[in-house]
Amino acid sequence: MLIEQSILLMIKRPWTTLLLVIQLIIICFQMSGCYLMIETIQTKEQILASLTKKDETIINVQAIQSREEIDGRTRRDTNQIEQLFEKEKIVANKFYLTGGKLAKADYPPIPTLTKNYEYIQNKSELEALIVSEPLKGEFIFTEGENFHESDFEEGPAPVILGEAFRFVHKLGDVFEIDMSTGGGIGKVQLKVKGFLKEKTLQPILTNFLAYSTENFNNYFIIGMQKQEHPLFYAPSYNIQVSDMQYQSLQPLIYELNESRYAISDEFSHKKKERSVFVQQINVLITQLVFYLFIVIMTYYILAFQIWRNQESEYLIFKLIGGTMKFAKSCFIGYFVGIWSTAIIIWQGIALFNDNSHNGMITIATITLGMTVSLLLVLVKKRIN
Amino acid sequence: MRLKRLLQYIPITMAIILINIVTVIIVNQLDSEYYKAKQAESIVQTETIARFEVESSDILLNRIQANKQNLPDVTFVVEYYQNIPDNPLNQVYIIWNQKDQEIPLPIRHIIKPTEIANRNRSYVGNKVWYNLSTENKKGLSINTKEFSIAGIAGEKGVNYGLFDESIIIFGEMIDSEYTSRIPQNYAGSLYIMSQNTEIINQFQNVLSIASAAEITASLAYSDYADKYLQNESAFSGFVLRQVMPLYIIVAITVGIMTYFLIEQQRYKFLVMKVVGATNREILKQIIIIICILYFLIMSITIGIQRGSVIFDLPFLAKIRNNFYGILFFQTAFFIAIYTIFTMIGVYKNQPANFLKEKK
C-alpha cells in the first residue's frame, strides 16, 4: 500500500520526477568524480610523504659514452664522480639501465598511465635495473629484504620487484627474463628476493618508473655481478637530495675533467603535478559543497511545495480514519523512490563503464542532503 | 505587505542567481586563454619581437653569461624552467637590459614598494606565492642568489593568468655561479625586444643559436593546462564532462522552482479573480514583480562578481564585458518562461473551470 501510494505520487508528476532523477544521476556522477580526484591526490600525497624532507627530490646522474667509447667498446671511467660522491658524503645507488621481456604468465596486471606504456606492457616488456651491490638508502619493503653480497656469487640472479609483481610471484620463486634485445645478455634466471612497497618513493627512480604508473609499483631491480659486456660500460647513479644539494652538485659535476654526465631531476614533474592537484582540492571541496547545497535546496523547496499541495488530501485521508504517520510515510516514499531510481541507474551505468568507484560515499552524501532537506520541511511543518 | 509577498520569489531568485554564478565560472574556464594572451602581448612594447626556441636553456644561459659584453644593448628575456623553493618546476623569466620600465609587467599587487628599485627584486605568480613558506615569503634563494619579493605578478581577478606559476627576475643578478646550477635538458625561449634584423642576427651569431627566429607579437605561453585545452577533443571532453553537467543540474533546479511557483500562484490568482480582479490588473502586478526580480537578480549577480574581482577573491574571476550579455539574456530567458506560463495560467484558469476540473 505504501509503495503503491509512493509510486502513484511519482506517476502523478511524471516530468518533475524524470527531471529529478536525471539531475540526481548527474550529481552522483559529478560527486563520485570529485571523490575519485580527492583519492588520487591522497595517493600522490602518500608518495610525497615517503620523502624525508619537503624539498627533497631524486636525481639521476648518467654517464655519457663518447662515440669512440661506444665504437671501441670501452668502459667509461667513473672514478672521479664516485670520488666526488664520497667526498660530498652522498649516498648514490649505481645501476645499469636495460630492458627485458617476460613470459606472459610472469607479467602482472599493471595499470598504465599512457598508451605508450600500455603498448610496451602488452608485449610483456619492462625496464630492468641491474645493480652489482646491495641497495643503499631507505628502501621500504612489503616483503623480503635487500640484496646481500653473497647473493651475487652463484645461482639464479636475485631480483627485487615492485608490489605489482606479487600478483604473479612470491618470495623465492624462480623465473626467467629474456634480455636478448634490451641488454644483449640473453636469458637470465631470476630468484625473487623481495618486494618494494607501492605508493612509496624509493631512492631509485627512473623516468620510466616515474611515468609508467601512478603507484610506483613496477620496480624490477636485478642483482648481478659486473661482466665484461657493453651493458656495464656506462652506469647511472640515483641520489636522494634536497633542491639546494642538487643545485650545488651540478657545478661540481661540470667541473670534473671531461665531464660527460647528464643530470636530471626525476621527481619534480610528479611534485609539480601534485602541487597543481593540491590547489585543485579547494575547488573540489567547493564543488562537493555546491552539489550538496543544490540537493538540499531543490528537495527542500520540492518537499515543501508537494506537502502543501497534498495537505488537503492528507487531511481528508485523516478524516476517514487514516493516520498522519502513513501520510508522511507516503510523502517520504516519493523521495525514496526518486533516490533509489537514480542510484540504480547511476550504478548500472557506472558498472557498465567499469567506473563504480566511491559509490558508497557518494550515496551517503546524497542521502545526507535529501534527509536534511526533508527534516527541514517536517520541522517547519511541525512548528507551523 | 508587498515585501512579504516577495518572499515566495526567494527560491527562484536564488536559483537564477546560482545559475548566473555557474555561468560566470564556466565562461571564466572556457575563456581562460583570453587573459593569458592579453598578458603575453602586454609586455611587448614594439610591434613585434623575435623569439628563438632552444633545446637546452642551460646552454643558452651559459652562453649569454659568457658573451654578455658582445650582445647588442637591447632588452631581451629568457624563459626557462627550474625548481624554486616550495615550488617544483616553474617558469623563470630573466629580463636583461631593462630600461625605465621598458617592459610593463602586469602586477597583481606590490608587496614591498621599497624593493622595486633593487637589483635583486623578483615578482612571483600568485600560485607560487601561495605555496611559499612564511620564511621564503621574506626572500628566496635560487641557485645560491638571494632574491627579495617585490610583488605578485598577474592581474587582480584573473584566476588563470600567464604568470601564475612563474617568477620574474632581472639580468643584473645573473652570473656564472647562477647559470652553472640551471637544470639540464629543459627547452627554453629567448625573446629580443627589437625588430631590427641586424640585432637579431647578432644575437643568433654570438649565442650560436641554430634555429631560426620567429617574429611574433607576444610571449609564447604553453603549460600543461594550455596543452590540455588546445587539444580539441580534450577540450570538447572537458566541456561535456565538467561544464554541461553543472549547467544542467542548476537548470533543472531553476525549472522545478519555476514550476512550483506557477503552481502555487495558480490558486492565488484564482482567488484574486473570484474577488473581482481583472486579467489586466493581475498582469500588471506580474510585470511589476518580474521587473523587480530581474533588477534584483542582475544586481546581486554582478555585485557578487565585481566584489570578488575587486577584493581579488579566487571565487568569481574577471570576464570580458561582452559575456555579461549572456547573464542578462539568461536571466531574461528564465524569467520569460515563468512569465509566459503564469500569463497562460491567468488567462486560461477561470474560477468556474477550476471548480469543474477539481470536481
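Reader: How many positive and negative side chains does chain A have, and how far apart do the centres of the two sets lie?

Author: In such a count Lys and Arg are positive and Asp and Glu negative, while His and the chain ends are not counted, and the place of a charge is taken as NZ of Lys, CZ of Arg, CG of Asp or CD of Glu. Chain A has 37 positive and 40 negative side chains, with the centres of the two sets 13 Å apart; for chain B, the mean positions of the 33 positive and 30 negative charges are 19 Å apart. This is a predicted model, in which local features need pLDDT of at least 70 and side-chain atom pairs count only at pLDDT 80 or more, whereas totals for chains, interfaces and linings use all residues. Residues are numbered from 1 along each chain as its sequence is written, chains are lettered from A in the order in which they are written, and side-chain values use heavy atoms, with hydrogens and water left out.

Reader: Which helices and strands should I look for in chain A, and why is chain A described as more spread out than a compact globule?

Author: Helices (H or I, at least four residues) and strands (E, at least two) are DSSP runs numbered from the N terminus, and chain A has 10 helices and 10 strands. The radius of gyration of chain A is 31 Å, well over the 21 Å that the globule rule gives for 384 residues, so chain A is more spread out than a compact globule. That radius is taken over C-alpha atoms, and the rule is 2.2 Å times the number of residues to the power 0.38. Along its principal axes, the C-alpha trace of chain A spans about 100 × 45 × 35 Å.

Reader: What are the corresponding values for chain B?

Author: Chain B comes to 13 helices and 10 strands. Its radius of gyration is 29 Å, well over the 21 Å from the globule rule for 359 residues, so chain B too is more spread out than a compact globule. The C-alpha atoms of chain B fill a box of roughly 95 × 40 × 30 Å along the principal axes.

Reader: How much of each chain is buried?

Author: A residue is called buried under 20% relative accessible area, exposed over 50%, and partly exposed in between (1.4 Å probe, protein chains only). By this reading, buried residues make up 50% of the 384 residues in chain A, and 51% of the 359 residues of chain B.

Reader: How many residues join the two chains, and what area is buried between them?

Author: Contact means heavy atoms within 4.5 Å, and 43 residues of chain B are in contact with 43 residues of chain A. Buried area is the accessible area (1.4 Å probe) that two parts lose on being put together, summed over both; between chain B and chain A it is about 3,700 Å², of which carbon and sulfur atoms give 60%. In chain B, the residues that lose the most area to chain A are B:Gln184, B:Ile249 and B:Phe260, together 18% of what that side buries.

Reader: Where does B:Thr23 sit, and which residues does B:Thr23 touch?

Author: B:Thr23 belongs to helix 2 (residues 10-30) of chain B and is buried, with a relative accessible area of 6%. Not counting residues up to four places away in sequence, B:Thr23 touches B:Tyr247, B:Ile326, B:Leu327 and B:Gln330. The C-alpha atoms of B:Thr23 and B:Phe323 are separated by 9.6 Å, although the two are 300 residues apart along the chain.
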